[in-house]
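Please walk through this model of a protein with DNA, beginning at the nucleic acid and then moving into the protein itself.

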Amino acid sequence: MPELPEVETVKNGLNVLLKGRVIDSIKYDTPKSFLCSTEEVEQYLVGAGVIGVKRRAKLLLINLDNGYSLVIHLKMTGQLVYRGTTNFGAGHPSRSLVGQLPDKSTRVIFTFRDHSRLFFNDQRKFGWIKLERTSSLAERVYKKFGPEPLARDFTLADFKKRLLLRPHSGIKAVLLDQSIVSGIGNIYSDESLWVAKIHPLTKVDRLNDLKLSRLYKGIRVVLNEAIDQGGSTDRNYVDALGRKGGYLNFARVFRREGQSCPRCGSKIIKLKVASRGTHICARCQKLVA
DNA sequence: CACTTGACCTGTCCGC
DNA sequence: TGCGGACAGGTCAAGT
């Protein structure tokens, strides 16, 4: 489930791997996965060179040298895997989740002038790729998301102000709302709430300064740890070279129902909150009415 | 109006 | 073994 750390990891990989490469051709099957017309492909994509790759919220932005950008959302099962001309086989088997490409989940194939390729795989077809003018990204793409939680200028005061836009909602639902703070999904909301010792159903206006401060710090610590681990691989996620992420080996509560809380030893339980599987320590994370 | 739930998909796992 | 159903969760539309 690509969230901020996974998309950041893919972005870092692609930025190095794709920079300077020129698109030669594009193959795609489902129109739903690739929202560009054949005219757009011919006019704006074939012959375009990659300047760099960026991330905003959970979106990847591939900036091209002709004033256009590819905007990509991986949703739950999307993968972007690069294969150079010398590594057509899979990577090291223990870390790799993808073998020979294309495979049955491949939706789009970008071939570059040097014959290297970028594969967009997506088992569930929820992800998409579209084309935007780079100059309209700020207005059309950036604007609808809340601030980046890891931005240097994102302060505790900013965090409180954003959360208080939804004072009567449960905190987990608010953390998952991309217009409040961007990039947090199911895994890292559970992990951050455990760090901050907050029950996911706690209403925002019931959070005191101590809890808000712990949550603010917790989110930043957890997201940075996850980036260091190359993200979380639950089922499908891989980085730009097809490698799994390692964060779930270090997760405190996510997917650990029945195991012991690493802080107090009490059992981790699973609930449904905001219609998402939710993992908490019932002793550390008490609900404040 | 504020907030919650269902649809979009496919592969996997569980119980019968 | 095979089959039906639940489940996985990011986002948006529809519902309460």
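A residue is taken as near a strand if one of its heavy atoms lies within 4 Å of it. The model is a predicted one, and with that cut-off the surroundings of each DNA strand can be described in turn.

DNA strand B is surrounded by Lys32, Gln123, Arg124, Lys125, Phe126, Arg166, His168 and Ser169. Sorted by class, this surface has four charged, three polar and one nonpolar residue. Of the atoms of DNA strand B that come within 4 Å of the protein, 66% belong to sugar or phosphate, while the rest belong to bases. Individual polar contacts reach each of these parts of the strand. A polar side-chain atom of Arg124 lies 2.5 Å from a base oxygen of DNA strand B, whereas an N or O atom in the side chain of Lys125 is 2.8 Å from a phosphate oxygen of that strand. The side chain of Ser169, for its part, places an N or O atom 3.2 Å from a sugar or linking oxygen of DNA strand B.

DNA strand C has 18 residues around it, of which His73, Met76, Arg124, Phe126 and Lys270 come nearest. Sugar and phosphate make up 57% of the atoms of DNA strand C that come within 4 Å of the protein. By class, the surface near DNA strand C has nine charged, five polar and four nonpolar residues. Phosphate oxygens of this strand are met by several side chains: a polar side-chain atom of Lys144 lies 3.1 Å from one, a polar side-chain atom of Asn186 also lies 3.1 Å from a phosphate oxygen, and an N or O atom in the side chain of Lys270 is 2.3 Å from a phosphate oxygen. The elements that give two or more residues to the surface near DNA strand C are β9 and β10.

Asn186, which makes one of these phosphate contacts, leads into the protein, since helix α6 spans residues 186-195. This helix is mostly covered, with nine of its 10 residues buried, namely Asn186, Ile187, Tyr188, Ser189, Asp190, Glu191, Ser192, Leu193 and Trp194. The cover over the buried residues of α6 includes α1 (4-18), α5 (171-176), α7 (209-228) and β10 (276-281). Just after the helix, Lys197 takes a positive phi of about 55°.

Helix α7, one of the elements that cover α6, also packs against helix α4 (residues 156-163), and the axes of α4 and α7 come within 10 Å and cross at roughly 110°. Because angles of 65 to 115 degrees count as roughly perpendicular, α4 is roughly perpendicular to α7. From α4 the contact draws on Leu156, Phe159, Lys160 and Leu163, and from α7 on Asp209, Leu212, Ser213, Leu215, Tyr216 and Ile219. By class, the contact of α4 with α7 has seven nonpolar, one polar and two charged residues.

Beyond α7, in the loop between that helix and β9 (268-273), lies Arg256. Is this arginine buried or exposed? Its relative accessibility is 19%, and Arg256 therefore counts as buried, the cut-off being under 20%. Leaving aside residues up to four places away in sequence, Arg256 touches Leu248, Asn249, Phe250, Ala251, Ile268 and His279. Its side chain reaches the backbone oxygen of Leu248 at 2.8 Å. The C-alpha atoms of Arg256 and His279 are separated by 7.4 Å, although the two residues are 23 residues apart along the chain.

Conventions:
Residues are numbered from 1 along each chain as its sequence is written. Chains are lettered from A and ligands numbered from 1 in the order in which they are written. This is a predicted model: local features need pLDDT of at least 70, side-chain atom pairs count only at pLDDT 80 or more; totals for chains, interfaces and linings use all residues. Side-chain values use heavy atoms; hydrogens and water are left out. Buried means under 20% relative accessible area, exposed over 50%, partly exposed in between (1.4 Å probe, protein chains only). Helices (H or I, at least four residues) and strands (E, at least two) are DSSP runs, numbered from the N terminus. Contact means heavy atoms within 4.5 Å. A polar contact is a pair of N or O atoms within 3.5 Å; within protein, one must be able to donate a hydrogen and the other to accept it, and residues adjacent in sequence count only if both atoms are side-chain atoms. Ala, Val, Leu, Ile, Met, Phe, Trp, Tyr, Cys and Pro count as nonpolar, Asp, Glu, Lys and Arg as charged, and the others, Gly among them, as polar. Axes are lines fitted to C-alpha atoms, for helices over the stretch in contact, and angles run from 0 to 180 degrees between N-to-C directions. Angles under 35 degrees count as roughly parallel, over 145 as roughly antiparallel, 65 to 115 as roughly perpendicular and the rest as oblique.
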